[in-house]
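Dear colleague,

I am handing over the structure that follows, and below it I have set out what was found there. Please read the notes with the model open beside them.

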Amino acid sequence: MRPVVLSGPGREQQGKQLGLLRDFLLVYNRLTELCFERCVPSLHYRALAPDEEACLDSCAGKFVRSNHRLMAAYMQLMPTLVQRRVADLEAGAAAAGVEPAEPGVSSGPEVPRSMEFAP
């Protein structure tokens, strides 16, 4: 069975969904790598020790909470950043003598790329 290839708005939506999935997987992989390196010092046993499980739970919790706080701050700042960018584009267009683009349209990313987590 061949995959369905969309054109027009459907293709754009599919591209956005793939971008979101990619971003999620990057964050998930980073979380897994950091917490595993920090909490599992050796692979001598098949099962995790209770202290390793507790460490992983704590590490993952910190990562998720910090990511939520960063996203909340980003969402608060986003309207201001968009307004500033629109104003800059309009000023640049006016200086160049070009008709400004549609207000509220931003060429920047709609969803932030994965955020780094520093232990």
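**A nonpolar patch on the surface**

Leu 18, Leu 21, Phe 24, Leu 25 and Tyr 28 together make up a nonpolar patch on the surface, and their accessible area comes to about 510 Å² in total. Please keep in mind that this is a predicted model. Within the patch, Phe 24 has its place in helix H1, and because its relative accessibility is 52%, against a cut-off of over 50%, Phe 24 counts as exposed.

**The chain as a whole**

The protein chain has 2 helices and 0 strands, and of its 119 residues 17% count as buried. About 9,800 Å² of the chain is exposed, with carbon and sulfur atoms supplying 60% of that area. Among the contacts in the chain with a separation of 6 or more, 58% are accounted for by residues 24 or more positions apart.

**The core between the helices**

In soluble globular proteins, nonpolar side chains tend to be buried together. Here the largest nonpolar core has 8 residues, namely Val 27, Leu 31, Cys 35, Cys 39, Val 40, Leu 56, Cys 59 and Phe 63. The elements that contribute two or more residues to this core are H1 and helix H2 (50-96), and H1 gives the most, with 4 residues. One of the core residues, Leu 31, is in contact with Ala 60 and Phe 63 once its neighbours within four places in sequence are left aside.

**Disulfides**

The count comes to 2 disulfides, and when the bonded cysteines of the protein chain are numbered in sequence order, the pairing is 1-4, 2-3.

A disulfide joins Cys 35 to Cys 59, with a sulfur-to-sulfur distance of 2.0 Å. This pair links distant parts of the chain, since Cys 35 is in helix H1 and Cys 59 is in helix H2, 24 residues apart. The torsion about the S-S bond of Cys 35 and Cys 59 is about -85 degrees, so this disulfide is left-handed, and both Cys 35 and Cys 59 are buried.

The other disulfide is formed by Cys 39 and Cys 55, whose sulfur atoms are likewise 2.0 Å apart. It too links distant parts of the chain, with Cys 39 in helix H1 and Cys 55 in helix H2, 16 residues apart. With -65 degrees about the S-S bond, the link of Cys 39 and Cys 55 is left-handed. Cys 39 counts as buried because its relative accessibility is 5%, whereas Cys 55, at 26%, counts as partly exposed.

**Salt bridges**

Side chains of opposite charge can pair when their charged atoms come close. A search of the whole structure finds 2 salt bridges.

In one of them, Lys 16 pairs with Glu 12, and the closest N and O atoms are 3.8 Å apart. Both Lys 16 and Glu 12 lie in helix H1 (residues 9-39), where they are 4 residues apart, about one turn of the helix. Lys 16 counts as partly exposed at 37% relative accessibility, while Glu 12, at 51%, counts as exposed.

In the other, the side chains of Asp 23 and Arg 22 meet at 3.7 Å, N to O. Which of these two partners is buried? Asp 23 is, because its relative accessibility is 7%, whereas Arg 22 has 47% and therefore counts as partly exposed.

With best regards

Notes. Residues numbered from 1 in each chain as written. Predicted model: local features only at pLDDT ≥ 70, side-chain atom pairs only at ≥ 80, totals over all residues. Heavy atoms only, no water. Buried < 20%, exposed > 50% of the residue type's maximum accessible area, 1.4 Å probe, protein only. Contact = heavy atoms within 4.5 Å. Areas by Shrake-Rupley, 256 points an atom, 1.4 Å probe, with all protein chains shown as cover. Salt bridge = Lys/Arg side-chain N within 4 Å of Asp/Glu carboxyl O. Core = buried A, V, L, I, M, F, W, Y, C linked by side-chain atoms within 4.5 Å. Patch = residues over 30% accessible without salt bridge, like charges linked within 9 Å, V, L, I, M, F, W, Y side chains within 5 Å. Disulfide = S-S within 2.5 Å.
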